[in-house]
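Colleague: Please take a close look at one aspect of this model, namely the pairing of oppositely charged side chains. I should welcome a connected account of where such pairs lie and how accessible their partners are.

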Amino acid sequence: MEKNKYSIIVPTYNERLNIALLVYLIFKHLRDVDFEIIIVDDGSPDGTQQVVEQLQQLYGEDRILLRARAKKLGLGTAYIHGLKHASGNFVVIMDADLSHHPKYLPSFIKKQLETGASIVTGTRYVKGGGVHGWNLMRKLTSRGANVLAQTLLWPGVSDLTGSFRYMIKLMY
């Protein structure tokens, strides 16, 4: 049986102050897991790419992949760009702003292995969930978008606007 490999896609724009801590926490919580971190930076003017290059020297260019783009092209296209470079059979997408704590990654992996689910998603809207560092307007916007989506779509999930997901990689 082949060993699983996990590709963690992290889009960045002006995340110089967060990216090193995020990478450290991923390594801390996934000690016995084969993974790579694909950082898709959209031309951050704050030096994010230089910090990532230092992280590559520390952890290795095979574990930290910098896939820079010349300018800000958006979150959705950053995930697509990252998927094109992913070598793992599972993919995790998460934000660089530390709103998605890497300590939950082992439970995502465990849940998928136990259930065989194609997608495991983090949610802010269940007991024990939440957000940190968001202002009131951002919280209201997120909550309002989810209430609207629940009312119109009845999707059966509690958080449609979050971007902390773990999934089987279907495209190669």
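Modeller: A helix here is a DSSP run of H or I with at least four residues, a strand is a run of E with at least two, and both are numbered from the N terminus. The model is predicted. Counting a Lys or Arg side-chain nitrogen within 4 Å of an Asp or Glu carboxyl oxygen, one finds three salt bridges.

One of them lies within a single helix: Lys110 and Glu114 both belong to α4 (residues 105-115) and are four residues apart, about one turn of the helix. Their side chains meet at 3.7 Å, N to O, and both residues are exposed.

Another salt bridge joins Lys5 to Glu36, with the closest N and O atoms 3.5 Å apart. This pair links distant parts of the chain, since Lys5 lies in strand β1 (residues 5-12) and Glu36 in strand β2 (residues 34-41), 31 residues apart. Lys5 is partly exposed, at 22% relative accessible area, whereas Glu36 is buried, at 3%.

There is also a salt bridge between Arg69 and Asp42, whose closest N and O atoms are 2.6 Å apart. Arg69 is placed in the loop between β3 (64-66) and α3 (75-85) and Asp42 in the loop between β2 and α2, so the pair ties together parts that are 27 residues apart in sequence. Here Arg69 is buried, with a relative accessible area of 10%, and Asp42 likewise counts as buried, at 5%.

Key: Residues are numbered from 1 along each chain as its sequence is written. This is a predicted model: local features need pLDDT of at least 70, side-chain atom pairs count only at pLDDT 80 or more; totals for chains, interfaces and linings use all residues. Side-chain values use heavy atoms; hydrogens and water are left out. Buried means under 20% relative accessible area, exposed over 50%, partly exposed in between (1.4 Å probe, protein chains only).
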